Amino acid sequence: MRRLILFLCLAGPLAAQRFYVDDPLDKEPPPLSVSDLLNRKLSDYYDLFSNQFGDVGERQPRGGTPIRAQGVNTLGEPMDGGWYQKRHYYHRMSREELVRGPGAENPPSTSGKWTIVAAKSEGVTPGFAVVDSEKQFYYVKFDPPSNPEMATAADSIGARFFYALGYYVPENYIVHFKADQLQLGPGVEVEDATGRKRAMTQGDVAMLLARVPVGPDGRYRATASRSVPGKPIGPPRYHGTRTDDPNDIVPHEHLRVLRGLQVFCAWLDHDDSRAINNLDTVVTEDGLSFVRHYLLDFGSALGSATNRANSPRSGDYFFTWKGSAAQLFTLGAKPPYWAFAHYPKHPSVGLFESRVFNPEKWVPEYPNPSFMNRLPDDDFWAAKQVMAFSDDEIAAIVGTGHLSDAKAAAYLVQCLRERRDKIGMAYFARVLPFDSFRIQSGRLGWDDLSKQHGFGVVGNVQIQWSRFDNQTGIRTPLPDAKGEAVPPVGGYLAAELSSPSRPKQTVVVYLRQNGDRASVVGVDRTW
């Protein structure tokens, strides 16, 4: 119960007592078991217009104290739970683990037929749902005829990056099959041009396959996305909470894992990161049923728009009053920044670049309240994870896209490396880029991520030690304490790190002393 109460405190104002004996928490408290959650639907058009022209969610105040990220522990880190799992930055993944992603051992079985159980015949790139001979369910999606390999590669690569970044994603497999692998199940319906449903026929299957690329060997390349575990209950929104879920207590616009998601989406150019492309499911583990939140559908990333190459304006809103007025009154004489981008002709990549990319200007297709609420410490949290991917690790994950054009794959790797470095340079400059605080041989230590990644060194770091009253929050300076050595005064301590080169930026590290042992229990950042 104490851990549940503490988690509730993390969703709102802090209690008088700042730290408890089990801080910092690594995992969320055990959830309350849920049942009878209904599958809710979200209109894509409603989501677009309410976010584009409405004022949904609680926004950062124009002045005064900003709303800090919530759903984090006393170190400012998200805890393992229904939204997120600490992975590559926190627990270094091997090359094999990065390539494997959420799973590599469950592709559709080729020992028997795939039975089509539902179909999507409308649109430029149709698809269908199949059950394989092992009774496993998959969503099958194709590349557009104009860009073979593009959307399927983006789905495979994107799923593995987001998985390594800590999110729950489906298992996406690139598959090749011939038409005779498919059989039509009973009761499958399609819509005709007027929107009327009718029974699907083998002729419809043939027409569907005629609209997607086919290889010289007669095989079709597709993404087979394995159905995620649990009972689907619809997408989560990027604001508010789900009222029928007692564990959903932090407004989504204030979750660090959703605020920082913008930085990850900017890196991968996942501009279609809208609520409709996510899914909540009710899963049961250890006798408890709870909601798990999944990111889905990465076919609109890395230069792809799923059914075509992405728009050159990717990374900008569909519409803004300011942008429209600027174009109107200048008669187009002041082009937006994205208009200066150059794209090599790589059909399997689409339109993806790094020279013009600016992480501080990049936005999704329309406003997202979680993304708009980001603060510098949210950006730093995300940037440090992006920077954790080495050049070789990026290349290994890109390899899971199985691009047949080696030059296209090399170009994609180059863009991701250059976009990664731009993200690190931009967001490491907005806070003191220190992390991984620890006590070593009685001294406070940390990693200077800016130095670690070759962006320069924060010089002349000064430390002001204070006693910290855990009940009142009052800090009492210790004028005789110098340098990194931990003062042996017992109880709680606060070490404020600063540098004359960045006068507005500080990090306060909180320590708890038990006898001759000291441990880091909290971190606060200012800017």
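Buried means under 20% relative accessible area, exposed means over 50%, and partly exposed lies in between (1.4 Å probe, protein chains only). Keep that scale at hand for this tour.

**Before you start**

This is a predicted model, in which local features need pLDDT of at least 70, side-chain atom pairs count only at pLDDT 80 or more, and totals for chains, interfaces and linings use all residues. Residues are numbered from 1 along each chain as its sequence is written, and side-chain values use heavy atoms, with hydrogens and water left out.

Colour by pLDDT, the predictor's confidence in each residue, from 0 to 100. The protein's mean is 92, and 93% of its residues reach 70 or more. Now select residues 1-10, where the pLDDT is below 50. Beyond near neighbours in sequence, this stretch has 24 contacts in the model. Contact means heavy atoms within 4.5 Å.

**Stop 1: helix 7**

Helices (H or I, at least four residues) and strands (E, at least two) are DSSP runs, numbered from the N terminus. Select residues 261-268, which form helix 7. Is this helix enclosed or open? Here 8 of the 8 residues are buried, so helix 7 is largely enclosed by the rest of the structure. Among the buried residues are Leu261, Phe264 and Trp267. Step just past the helix to Asp269, which takes a positive phi of about 55°.

**Stop 2: the nonpolar cores**

A nonpolar core is a set of buried Ala, Val, Leu, Ile, Met, Phe, Trp, Tyr and Cys residues joined through side-chain atoms within 4.5 Å. The largest one has 61 residues. Select Phe162, Tyr167, Leu261 and Leu416, the residues with the most contacts inside this core. Several helices each supply at least two of its residues, including helix 4, helix 7 and helix 10 (376-386). Which helix gives the most to this core? Helix 12 does, with 10 residues; select 406-428 to see this helix.

Stay on Leu416. Leaving aside neighbours within four places in sequence, Leu416 is in contact with Phe161, Trp267, Leu268, Leu302, Phe352, Ile394 and Val398. Then look for a second, separate core of 21 residues, which includes Val175, Val188, Met200 and Tyr220.

**Stop 3: the six-stranded sheet**

Two strands pair if DSSP finds at least two bridges between them. Show the open sheet of 6 strands with the order 4-8-3-2-1-5 and mixed pairing. Strand 4 (172-177) and strand 5 (182-184) stand at the edges, each with a single partner strand, so one side of each has no neighbour in the sheet. Neighbouring strands are turned by 40° against each other on average, direction ignored. Axes are lines fitted to C-alpha atoms, for helices over the stretch in contact, and angles run from 0 to 180 degrees between N-to-C directions.

Select strand 1 (114-120) and strand 2 (127-131). They pair in the antiparallel sense over 5 bridges. Ala118 has Ala129, in strand 2, as its bridge partner. Add helix 5 (202-209), which packs on the sheet. Helix 5 touches strand 1, strand 2, strand 3, strand 5 and strand 8, and its direction makes about 140° with that of strand 5.

Next, show helix 4 (150-164). This helix lies across strand 3 (137-142), strand 4 and strand 8 (220-226), running at about 150° to strand 4.

Move into the loop between helix 4 and strand 4 to find Gly166. Gly166 is buried, at 0% relative accessibility. Beyond its neighbours within four places in sequence, Gly166 is in contact with Trp83, Tyr84, Gln85 and Arg87.

**Stop 4: the three-stranded sheet**

Select the open sheet of 3 strands, order 9-10-11, with antiparallel pairing. Its edge strands are strand 9 (231-232) and strand 11 (288-295), each pairing on one side only. Strand 10 (278-285) is joined to strand 11 by 8 bridges. Find Thr284, whose bridge partner in strand 11 is Ser289.

**Stop 5: Asn310**

Asn310 lies in the loop between strand 11 and helix 8 (321-329). Is Asn310 buried or exposed? Asn310 is buried, with a relative accessible area of 5%. A polar contact is a pair of N or O atoms within 3.5 Å; within protein, one must be able to donate a hydrogen and the other to accept it, and residues adjacent in sequence count only if both atoms are side-chain atoms. The Asn310 side chain makes such contacts with the side chains of Asp271 at 3.4 Å and Ser314 at 3.2 Å.

**Stop 6: strand 16**

Finish at residues 491-498, strand 16, where 6 of the 8 residues are buried. Strand 14 (462-468) joins strand 16 through 7 antiparallel bridges, with Gln462 opposite Ser498. Strand 17 (506-514) also pairs antiparallel with strand 16, over 8 bridges. There, Ala495 has Val509 as its bridge partner.
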